[in-house]
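Let's take a walk through this protein chain and look at what ties its parts together. Have the structure open and follow along.

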Amino acid sequence: MKKLVPILCLATSINVFAVNSSNFIEIDISKMDYKLPEKGSGDAGILNFRQVNLSWDGMNIGINNSNKIFDSKIFFRPRFIGFAGEHLNLGFQLEEENALKTINTLNIQESKFLINPQFFSFNGKEFAMTDASMKLKLKKFNLYCGGSAKYDLTTADGIIAGCLMESLINAQEENSLSAAEVEYYSVSETGDMNLVSKLNNIELSPAQIIADTTRNTIDIPGYKIDTGAAKVACAKDPELKELNSEKMTKDCLGDLEVVARKIVFNDEKEETKFFIDLEKLQIKDERLIFKTPSTQIADKESVTTLFDTKVACMKSFDSDLFDMQQVLAECFKDGNLAISKIASNDDGKKYLDLYEGIFENDLNPGQRQRSSDADVKNISVGFKNNKVFLSADVKVLIKNFTITVQADVEHHPKDNTIIFHVTKTRLPFGIGWRKLLMYFLKKNLVGSFITYEGNSIIIKM
């Protein structure tokens, strides 16, 4: 939001007048192309607007630019921005530390600002911005901020604080069936990320952020994640008055709830796909809760489905939810897992083909694999300090057995590898049968990401 403020510098600089609730500034922009000059000063692009209306303490000004006589070039210096045309010359001083110095490009098409001391709205066909580490693009969007008398939204700081306190982003046209579109690309030490989202709305209240999307695609190195409709709710610091994306992300991921009934996780290196029907992902009080009616793993050779999976793990506030290896490491320290059934077969290619139509069709591949095919049921797993304790009902030939297994967990985050060293197995009658267990696992849990060496199970994520 703070980097949106330079667009408003012309409007907010008029705040030398006394402020009352009936004052407003309205700017209708047909096109703005801004590019930071290579040497930090000079020609910075163009500004073409249709109309400007201003009402301020009884003074009313209206500028109609239908004949384009006020179309202007933009000039920029570190503490100055100017607009110059045949019939328009305006210049404004900027603060020493201003956001325009860090923005590389800023593009706006067919957009309108309406600014009032008590509210701010911004809607348009397209808004795009880049800086050294980020690209953001909004299409067919509407942003509204307001509702708090504590902040004067005709000032740059007031817009930021007011929008963080209470705001709504949704489709440009009210009651429109088409969602707003969001594209976001970021560069970081852990790898680049690209997000494309169809957005119904994002709502900020003093202590919470709620997002409702219809389709999302996330590309990170080696992986692609697609989701259908998703709802996200997370915490926000009610005292936050300045835009701090790092703090907002950390607070959000420390108190979070997500529902997304269709997720496809594509491991491009291993050519493996995961389907997740996410009933609930919750992070609360440094605890991660995960519930899914079906989770499926498929490659060209086989497919395995886990039914009614429930996970509860330690999740420290400082750990990164998007770092799977870090999440697993904390689960191995303190976590538990329950699965009602596991079913496997050799129809992997057929399921990979099904995945192509998941989002276009009413299709849940996790329910296509019959749970009656399951040879493993009632799985219960507990992790404590990198030791695992497992019990399950298994079918061997025609007979059902209840088994217990103990193993040591060896986790190699840099190699994305987990090794379970089976140390003890038991039947109800006290019979140890490690070899039979390994035979059963090799038969039922297959895939290029699982290998076996003696009494060890090696999983390459």
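Start with Cys145 and Cys163, which form a disulfide with their sulfur atoms 1.9 Å apart. This is a predicted model, so keep that in mind as you look around. Cys145 sits in strand E9 and Cys163 in helix H2 (residues 156-165), so the bond ties together parts that are 18 residues apart in sequence. The link is right-handed, with 105° about the S-S bond, and both Cys145 and Cys163 are buried.

How many disulfides does the structure hold? There are 3. Move along to Cys234 and Cys252, whose sulfur atoms lie 2.0 Å apart in another disulfide. Here the turn about the S-S bond is -95°, and the link is left-handed. Cys234 belongs to strand E15 (residues 230-235) and Cys252 to helix H3, with their positions 18 residues apart in the chain. Cys234 and Cys252 are buried as well.

Then there's the disulfide from Cys313 to Cys331, at 1.8 Å from S to S. Its torsion is about 110°, so this disulfide is right-handed. Cys313 is in strand E19 (residues 303-314) and Cys331 in helix H4 (residues 324-333), so once again parts that are 18 residues apart in sequence get tied together. Cys313 counts as buried at 2% relative accessibility, and Cys331 is buried at 9%. If you number the bonded cysteines in sequence order, the pairing reads 1-2, 3-4, 5-6.

Now for the charged side chains. Side chains of opposite charge can pair when their charged atoms come close. In this model the count comes to 17 salt bridges. One of them joins Lys139 and Glu183, with the closest N and O atoms 3.8 Å apart. Lys139 is in strand E9 (residues 134-146) and Glu183 in strand E11 (residues 180-186), so the pair ties together parts 44 residues apart in sequence. Lys139 is partly exposed, at 24% relative accessible area, and Glu183 is partly exposed too, at 30%.

Further along, Asp255 and Lys284 meet in a salt bridge at 3.2 Å, N to O. Asp255 lies in the loop between helix H3 and strand E16, while Lys284 is in strand E17, 29 residues away along the chain.

Strand E17 also holds Asp277, which pairs with Arg261 of strand E16, so parts 16 residues apart in sequence are tied together. Their N to O distance is 2.5 Å. Is Asp277 buried or exposed? Asp277 is buried, with a relative accessible area of 4%, whereas Arg261 is partly exposed at 39%. Finally, look for Lys140, Glu181 and Lys198: salt bridges that share partners join them into one network.

Methods:
Residues are numbered from 1 along each chain as its sequence is written. This is a predicted model: local features need pLDDT of at least 70, side-chain atom pairs count only at pLDDT 80 or more; totals for chains, interfaces and linings use all residues. Side-chain values use heavy atoms; hydrogens and water are left out. A salt bridge is a side-chain nitrogen of Lys or Arg within 4 Å of a carboxyl oxygen of Asp or Glu. Helices (H or I, at least four residues) and strands (E, at least two) are DSSP runs, numbered from the N terminus. Buried means under 20% relative accessible area, exposed over 50%, partly exposed in between (1.4 Å probe, protein chains only). A disulfide is a pair of cysteine sulfur atoms within 2.5 Å.
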